[in-house]
Structure formats: structure tokens, C-alpha cells
Amino acid sequence: MKIARLSDLADKAKCPRIVIKVGSALLVDAEGPRSAWIEGLVGEIAGARARGQEVIVVSSGSIALGARTLGLEKGGRGSLADAQAAAAVGQIALSGLWAELLRKHGLTAAQLLLTLEDLEDRRRYLNATATLTRLLDAGAVPVVNENDSVATQEIRFGDNDRLAARVAQAARASAVLLLSDVDGLYDRNPKDPAAKLLPEVRGVTPAIRAMADGGSASGMGSGGMTSKLQAAEIAERAGIALVIGNGTHDAPIARVIEQGIGTLFLPKAKAGARKAWLGGRLRLKGTLVVDAGAAKALAKGSSLLAAGITAVEGTFQRGDAVAIRDGEGTALAHGLAEYDADECAKLVGHHSRAHEALLGYAPRSAIVHRDQMVLL
């Protein structure tokens, strides 16, 4: 059974495992943690557990909370060093708060801090999957955050929306609920009186992306509607439903489920585990640009051959993840390269039978094999 409407988020059969992401502005204000609101949310989480659902929380707020404690300007985001220091202080308080409130409902909290590399590297991704699975099997409520105290600009998600989608993928969740400061996705800027809330989205298309606003209204968080749509793309490729709901109200989960206020992004047909992981990657080592003929062949399920490549960008080794796009810049696929970048450059435009003469050794059949590729 698949999720088809917002009320299905409360159905144990259709949504046995859910990831709930909570933004910084919902958790922390100028006075500190919004304890009463968080208590209400924890009560809703306990209600989901009582229905037999498993819950993973992706919690922002450590930087905002730590910045207040340390007296740092710009919410702790004035520099990377400030953000790392704020996170180190704020994470202790934040995890302690979640543990205390969950304990009141007889639930055990488990902290899991992740960096981008933990979910981009295949082996570490599988380790995260195993840890999440074991915690859920043991009855715990994993509380996940980006490890901001060690993450640098190059190895960080930068927002917890995409982290939540990747965690859902790793945990094999049925749905992701992103609690934000808006009701969902609107067809234009929600400040426009004519703006209309979209109750359902079937696939994140260029037209849908054009509706997004990249900013964070609160100034506390690092995400915006653009990051939420990127999260929706990651989720839909993995066969996971994603919902954007307004967390500024009391009992926000009930408002989404019972009143049906939010935007539901319906999942696509679920890809295999490895291809879903590949399609959700956020860091790619390079790009292969292809001609129109190759683009058509890829759409029909073919491997990528050198004859259809027109350009090679970036530095990568065999086995690295690369993007495949057409000459207009449209992303077509992600895949694992069978050759390194220098070898690919030598093979551009050449038929497979010429590879051995060009490289000096027997060639592999494709630059990116269809079994190591996921179409976007």
C-alpha cells in the first residue's frame, strides 16, 4: 500500500516508518528553546508510536541554540568557525531536551550526528542504515542532525531538508514530513494574495522548481523552498512520499493529517536500493555531456557509450559518481564511471572498437553501464 493522501501519514499499514524534520525557527526563538511547543510535538510523536509507527526525528536548532548561549552574532552563521563552535555547544542542550521530553512518554532518544560524507560514501551509508535499523528495532527514537561542529563547507548538507530525505532513504522510511514556517508549496510567492497552495505534486518538474523561493524566511535556518524541492526529488526517486507542512501551529502534525493542510509530493516507482542511493547523491565528481542521440538512448535504458559524449568536465576516477547531462544543461542521469576523467577525454566521440588503440588496453563496454546508472 502506498501513501496517496495526507491522512495516510497516520496509517500504520501505509506509513510504518516516518521521518519528521523540524526547522531551527520552530525549535528556538530569541528566548531559547520553545519548550512548550516542543513538548506538544513530542506528544504527537508519542501518539504515532502508540499507533505502531516508527519515528525518526531530524532536528535543526543546535547552531541557533549555541549561538544564543555564546552570544554570537548572525545566529552563529557569521563564519564557519562560529557555526562549528555554536553547534558544539548547542547540540548538547538540544539532544538533552529531546531525551528529557521523550522520556516523559516512556520513549528512549538516540542521537545520531551525520555529515554529507556519511551518506555519500556507500560503505558509510550502509553503516548508517544498519545503525538506524537497529535503533528502531530496539524501540528508540533516533534524533538526527548534521554534525555541524566538524562539517566544513565542502562536506556538509547545508540544510536539514535534504538530510531528512537522505536519512529516510537510508532508513527505508515510507514518508518524510518537513515542518516549516509555511503551509506547503504555493504556485507563487505566498505573500502574493493570489497565491494558491498546491495540495499534491506528481514529480518535481522545471515548472514546479520555478515556484520555489530559495530564501529562509526566519533568518535562522539555512534552507528554503528550493532545498525542500531538492529533498522531494531525493525522496521520490527512492519511492518515499514527502510532505511540507506548517509547524508554527500547535499540534502541527495533526493539522497536516487531520485538516489536510500541506503539500504531498507523491513518490515515483521505487528504484533499487543502490540506484536510489546513487540518484540521491548530492556530490558528484564530474559531468559527462552527451549529444541528442545518446540522450534518447539513455531514456530507453541503454548504457552510455563514448561515441555519444561531447565533453568531459571535472576530475574523477573509475567508480566515482558523475552526472550525465545534455548540451542544454539538463541533468539526465547519475552513474558510476567505468573510466577516469583523462581516459574519458581521450575516448570522447569514438566508437567502442577504437578504445583499445586509444588507451592501449582492452576496453570495457561502456563509459557508464546502465546497471550503474539511474535516470533522473
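**Exercise 1. Is Lys285 buried, exposed or partly exposed, and what is the relative accessible area of Lys285?**

Before we start, note that this is a predicted model, in which local features need pLDDT of at least 70, side-chain atom pairs count only at pLDDT 80 or more, and totals for chains, interfaces and linings use all residues. Residues are numbered from 1 along each chain as its sequence is written, and side-chain values use heavy atoms, with hydrogens and water left out.

Step 1. Recall the classes: buried is under 20% relative accessible area, exposed is over 50%, and partly exposed lies in between (1.4 Å probe, protein chains only).

Step 2. Lys285 has a relative accessible area of 41%, so Lys285 is partly exposed.

**Exercise 2. Find the salt-bridge partner of Lys285 and place both residues in the fold.**

Step 1. A salt bridge needs a side-chain nitrogen of Lys or Arg within 4 Å of a carboxyl oxygen of Asp or Glu. The background is friendly enough: side chains of opposite charge can pair when their charged atoms come close.

Step 2. The partner is Asp320, with 3.9 Å between the closest N and O atoms.

Step 3. Helices (H or I, at least four residues) and strands (E, at least two) are DSSP runs, numbered from the N terminus. Lys285 sits in the loop between helix 11 (273-279) and strand 11 (286-290), and Asp320 in the loop between strand 12 (309-314) and strand 13 (321-326), so the pair ties together parts 35 residues apart in sequence.

Step 4. At 18% relative accessible area, Asp320 is buried.

**Exercise 3. Describe the salt bridge between Arg17 and Glu54.**

Step 1. The N to O distance between these side chains is 2.7 Å.

Step 2. Arg17 belongs to strand 1 (residues 17-22) and Glu54 to strand 4 (residues 54-59); the pair links distant parts of the chain, 37 residues apart.

Step 3. Arg17 is buried at 13%, whereas Glu54 is partly exposed at 23%.

**Exercise 4. Trace the network that contains Arg5.**

Step 1. Arg5 pairs with Asp8, their closest N and O atoms being 3.9 Å apart.

Step 2. Salt bridges link Arg5, Asp8 and Lys14 in a network.

Step 3. Arg5 is partly exposed at 46%, while Asp8 is buried at 5%.

Step 4. For the wider picture, the count of salt bridges comes to 15.

**Exercise 5. Which groups does the side chain of Arg166 reach?**

Step 1. Arg166 lies in helix 7 (residues 160-171) and is buried, at 0% relative accessibility.

Step 2. The Arg166 side chain makes a polar contact with the side chain of Glu120 at 2.7 Å. Such a contact is a pair of N or O atoms within 3.5 Å; within protein, one must be able to donate a hydrogen and the other to accept it, and residues adjacent in sequence count only if both atoms are side-chain atoms.

Step 3. The side chain of Arg166 also reaches the backbone oxygen of Gly280, at 3.3 Å.
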